[in-house]
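Please open the model in a viewer and follow the stops below in order. Each stop proposes a selection and then describes what is found there.

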Amino acid sequence: MKSTASTKAGLLAGVLGFGLLASMPAFAAKTELTLGAAAVDVGTLDPHYASSTSDRILSAWIFGGLVRFAPGSTDPATIEADLAESWQASDDRMVWTFKLRPGVKWQHGYGDVTAEDVVFSLDKARDPKRSAFASDYAAFQKVEAVDSGTVRITLSTRVPSLLGLLTNYAGGFIISKKAFEERGEGFRRAPVGFGPFALDAITPGQAVTFKANDSYFRGKPKLTKITYRFLNNNAARDLAFVAGEVDAATGLADQRWLQRTLANPGVVVDSFDPAELTTLSINVTKPPFDNIKVRQALAHAIDAGKIAQYRGPRFTRAGKSAIPSNNLGFDENAGVLPPDPAKAKKLLAEAGFPNGLTVTMLASQLPSLESTSQIIQGQVAEAGITLNLQPVEHATWHQMIRKDLSPLVMYGAARFPIADNYLTQFYHSNSAIGQPGQVVNFSHCSVADKQIEAARGETDPKKQIALWQEAQKLIIGNVCVIPITETGQVWARREKLNWGFDLKGSMSLGPLVTEQTHFVD
């Protein structure tokens with residue numbers, strides 16, 4: 001295109017003169033981005049309450065944290081400076097001091113970001129009356145401004161990753177104290193951050209628009225405007241993308257969708273972390289699964305690799321451990337038992353079930369979980385296990401599994417990518433269903449309590465990771481859970497849209513649009 005335009009311009013210059021050529025505008029790449037989202041509306045853009053996917057995605061464009069995940073990554077090893085330009089910890093890692101980057105500006109003319117804003121934000125994030133993520137900050141004893149450019153955090157107990165709590169995610173986002181106090185409840189629809197894009201307007205049920213924050217400290221964004229359209233209907237969203245009405249859109253973790261989408265010229269499909277790990281939890285306290293040989297038989301009867309292949313290897317992979325693979329501390333050699341129907345039959349016979357076994361499982365009617373349950377039902381039948389599926393509406397299913405009404409629970413989830421989060425919520429005895437602090441330990445697993453607790457207070461990173469990996473081996477070895485698949489986030493985009501980084505992960509569950517995001521001409 002450039003060479004053709006140059007040729008035409010040269011001819012015009014020769015006929016009409018250089019003056020006319022000099023006045024002609026150069027061909028430029030577009031600067032307005034339109035996205036199609038699988039959502040019906042925006043909920044809240046107060047980042048300390050933003051829990052839906054859309055709210056998380058949009059908050060990540062508006063706000064920043066003291067530190068951030070490198071764009072395109074969910075790997076905690078990539079955490080880097082954001083508002084804080086440097087930090088140091090005491091020898092016992094109980095006191096952390098952060099030096100703020102000078103001259104960072106709030107959007108909408110709210111002036112410089114100061115230590116007072118940081119203290120206000122973190123105090124709000126850890127207040128259950130003002131934040132949905134307060135429990136994450138239970139170890140914060142005190143947050144104080146040493147001076148206008150220095151913040152000190154004092155802990156009451158050590159945490160697995162202090163920096164992880166201060167990233168551009170959930171309670172780690174920093175907000176303008178002045179703007180929040182002025183706008184009150186209205187802040188959730190009129191937020192003020194220091195990120196690359198500022199909220200422009202919300203049209204309920206239709207779209208949210210953003211304008212570039214030209215004062216962004218990393219540089220003026222290459223895009224001038226973003227429109228985030230609500231297109232919750234899959235077919236309508238796909239049609240809008242194919243028609244060119246949107247430049248990128250939420251996709252589906254579905255093989256047929258992938259084939260249809262890639263059949264269009266100039267289209268790229270991004271699949272990225274955090275991947276949702278789907279597992280089959282086994283209640284180790286209830287017969288017949290209180291017998292480890294029965295649990296081992298079930299594990300050998302399931303072929304997670306074939307399930308991943310059916311789902312689509314572009315965005316689905318077989319689970320390798322009791323936690324997702326993008327977690328710090330993940331062990332890919334946790335000891336997952338290989339598919340072996342003959343071995344499964346032998347173990348069942350040794351456990352007293354020579355003629356096979358019949359089990360009933362509550363099955364969510366959520367399409368992805370329902371179809372996976374049906375695949376597993378067919379697989380385990382080859383090993384002599386009859387799995388009777390009892391279909392239940394998804395919201396009701398959630399209530400029922402939290403009452404221990406099913407010996408097997410298929411559950412998909414992603415958590416903050418530090419092993420402690422997943423291990424604590426799914427496998428520590430305090431999180432078992434029926435306990436005062438129950439979370440999602442459907443298996444009633446308790447074999448790794450010692451390692452999980454020890455890792456939480458370990459200050460040596462290598463020893464901490466070793467403890468997390470030991471915990472995974474114990475959980476898998478005891479067959480508390482059978483890893484099934486990991487399924488990534490999926491978006492389609494025009495190939496001329498460049499995110500500005502290699503999109504391998506995004507904690508906001510959608511593309512992070514930064515000052516580097518642009519279109520190529």
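**Aromatic pairs**

Across the whole structure, a search finds 19 aromatic pairs (rings of Phe, Tyr and Trp, the last by its six-membered ring, with centres within 6.5 Å; planes under 30 degrees apart count as stacked, over 60 as edge-to-face and the rest as tilted). Select W61 and Y228: this pair is edge-to-face, with 5.9 Å centre to centre and 80 degrees between the planes. Because W61 belongs to helix α3 (residues 53-62) and Y228 to strand β10 (residues 225-230), the pair ties together parts that are 167 residues apart in sequence. Helices (H or I, at least four residues) and strands (E, at least two) are DSSP runs, numbered from the N terminus. W61 and Y228 are both buried (under 20% relative accessible area, against over 50% for exposed and partly exposed in between; 1.4 Å probe, protein chains only).

The model is predicted, so local features need pLDDT of at least 70 and side-chain atom pairs pLDDT 80 or more, while totals for chains, interfaces and linings use all residues. Residues are numbered from 1 along each chain as its sequence is written, and side-chain values use heavy atoms, with hydrogens and water left out.

**Strands around β10**

Keep β10 selected and add strand β1 (residues 32-37), which pairs with β10 in the parallel sense over six bridges; strands pair if DSSP finds at least two bridges between them. Here A37 stands opposite F230. Next add strand β9 (residues 207-212), which runs antiparallel to β10 and is joined to β10 by five bridges. K211 has K225 as its bridge partner in β10.

**An open sheet**

Which strands form the open sheet, and in what order? Four strands, in the order β4-β5-β7-β6, make up this sheet with antiparallel pairing. β4 (84-89) and β6 (140-147) stand at the edges with a single partner strand each, so one side of each is left without a neighbour in the sheet. Select β6 together with strand β7 (residues 150-155): six bridges join them in the antiparallel sense. In this pairing, A145 has V151 in β7 as its bridge partner. Then display helix α4 (residues 115-125), which packs on the sheet and touches β5 (95-100), β6 and β7 (contact means heavy atoms within 4.5 Å).

**An aromatic cluster**

Finally, select W397, Y411, Y422, F426, Y427 and F442, which form one aromatic cluster. Within this selection, Y411 and F426 are both buried.

Conventions:
Axes are lines fitted to C-alpha atoms, for helices over the stretch in contact, and angles run from 0 to 180 degrees between N-to-C directions.
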